[in-house]
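I opened the notebook today to look up salt bridges and pockets, one entry at a time. Here is what I wrote down, in the order I looked.

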Amino acid sequence: MSISGDDIIYSVVREEHMLHNDFFLRYLEFAGGPPSEITMTCLAGSRPCHAIRYEGEEIARRFQYGREETARYRQSSLPRILGRSRNLQNAFMHEYFSFFSSEAVSELVIEAKREGEILEKHIRIVPYHSRNPYRFPLRGTLLVTDTYPSLNSHRWCRNSEFAFDAGSFDGTLREPVIRGAPVFAACGGVVEEVFDGLDDTDAHTDMDLLESRYGEHARIDGNHVLLRHGDNEYSLYAHLSKNSIPVRRGDTVSCGQQLGCVGSSGSSLIPHLHFHVMRDGLDGPGVPVRFENLKTILGEPCFLDDTVNPVYSEW
């Protein structure tokens, strides 16, 4: 039996009297089949500060969930979702860690037992702090949802783990009023990729036809811009409006330069901006960033720590 999985997981650590650790274990793959017992121990330095133990029926159910989950994954999507080219065979998936401790977690130790055999895997937990200055890519009063505390398709996907969706609505919270709003570069960088030319998605859009013509990336993100920043970070701006993108691949852009306008192209139900930051390219791991110009409704700095965040972005 052997255990495979990510060797590094990026975490968010924020101070709330104690330290709140937040990170997500995407999968553990067990060659040779499920173990009889799994223990996950979080270490702060060398000191255990949090532990979870599974055995018996619960392990069987979690492996069944892993089979059902991975059956949905396309081969072409695996680099984005899992950071690998081969799908999983026997996987324990989606363990979310969110707890308080006196120190930040630095390591996750996995211990698995089966038929007298004991195997360990050590995963580095790295509280991520970008060295790049970021400003929020939209202006005004906004509703930001599906942030990293939300356990949804963003967090399940390795490259978009710290993504969010941002929009604005009328007083009923039913009608979006953000269509056509300018989208700005959150950080200075170089345009790595541009795709434009799709109409906004509606009930009549044939998504299979769209993908067959333009590829899976365009079907998911619609019209989009990918920027490369210092320290090998990349930011993605997705679902932009058709023919609104003024930049081209290879352009150098400054923070605050307009990249396009909010639309609803690709896999989008309403006009909004999807944004996330990754390391090492489009298939690299997602990382969290903080925005210098984002405030809560009380005028305090907002770090998008809630699943739904009413915010104000000043430029």
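**Entry: a buried pair.** I began with Arg26, which has a relative accessible area of 3% and therefore counts as buried, the cut-off being under 20%. This is a predicted model, so I read every value here as computed from it. Next I looked for a partner of Arg26 and found a salt bridge with Glu161, with 3.1 Å between the closest N and O atoms. Where do the two sit in the chain? Arg26 belongs to strand E3 (residues 18–31), while Glu161 is in the loop between H3 and E10, so I noted a link between distant parts of the chain, 135 residues apart. Is Glu161 buried or exposed? Glu161 has 5% relative accessibility, so I put it down as buried too.

**Entry: the network around it.** I then asked which residues share a network of salt bridges with Arg26 and Glu161. Asp22 and Arg155 are the others in that network. For the whole structure I noted 25 salt bridges.

**Entry: a pair between strands.** I turned to Arg53 and found its side chain in a salt bridge with that of Glu37, at 3.1 Å from N to O. Arg53 is in strand E5 (residues 47–55) and Glu37 in strand E4 (residues 37–44), so this pair ties together parts 16 residues apart in sequence. I checked Glu37 for burial as well: its relative accessibility is 14%, so it counts as buried.

**Entry: a pair on a helix.** My next stop was Glu57 and Arg61, whose side chains meet in a salt bridge at 3.3 Å, N to O. Why might such a pair face one way? An α-helix has 3.6 residues a turn, so residues three or four places apart point the same way. Glu57 and Arg61 are four residues apart in helix H1 (residues 56–71), and so about one helical turn separates them. I looked up their accessibility too: Glu57 is exposed at 52%, and Arg61 is exposed at 54%.

**Entry: the two ends of H4.** At the start of helix H4 (residues 207–214), I found a side-chain oxygen of Asp206 within 3.2 Å of the backbone nitrogen of Asp208. Just after H4, I noted a positive phi of about 100° at Gly215.

**Entry: the largest pocket.** I moved on to empty space and read about 1,000 Å³ for the largest pocket. I counted 37 lining residues, and those closest to the pocket centre are Ser153, His154, Ser160, Ile220 and Ser267. Among the elements that give two or more residues to this lining, I listed helix H2 (78–81), helix H3 (153–156) and strand E17 (273–279). Which element gives the largest share? H5 does, with five residues. By residue type, I noted eleven nonpolar, 16 polar and ten charged in the lining of the largest pocket.

**Entry: the second largest pocket.** Here I read about 380 Å³. Its lining has 27 residues, and closest to the centre I found Val12, Tyr128, Pro288, Val289 and Arg290. Strand E2 (8–16) and E17 each supply at least two of the lining residues. I split this lining into 18 nonpolar, six polar and three charged residues. I marked E17 on my page, since I had listed it for the largest pocket and met it again at the second largest.

Key:
Residues are numbered from 1 along each chain as its sequence is written. This is a predicted model: local features need pLDDT of at least 70, side-chain atom pairs count only at pLDDT 80 or more; totals for chains, interfaces and linings use all residues. Side-chain values use heavy atoms; hydrogens and water are left out. On a 1 Å grid over the protein atoms alone, a cavity is a set of points where a 1.4 Å probe fits but cannot get out, and a pocket is an open set with protein on both sides within 12 Å along at least five of seven lines; lining residues have an atom within 4 Å of a point. Grid points are joined across faces, edges and corners, and a volume is the space filled by probe spheres set on the points. Ala, Val, Leu, Ile, Met, Phe, Trp, Tyr, Cys and Pro count as nonpolar, Asp, Glu, Lys and Arg as charged, and the others, Gly among them, as polar. A salt bridge is a side-chain nitrogen of Lys or Arg within 4 Å of a carboxyl oxygen of Asp or Glu. Buried means under 20% relative accessible area, exposed over 50%, partly exposed in between (1.4 Å probe, protein chains only). A polar contact is a pair of N or O atoms within 3.5 Å; within protein, one must be able to donate a hydrogen and the other to accept it, and residues adjacent in sequence count only if both atoms are side-chain atoms.
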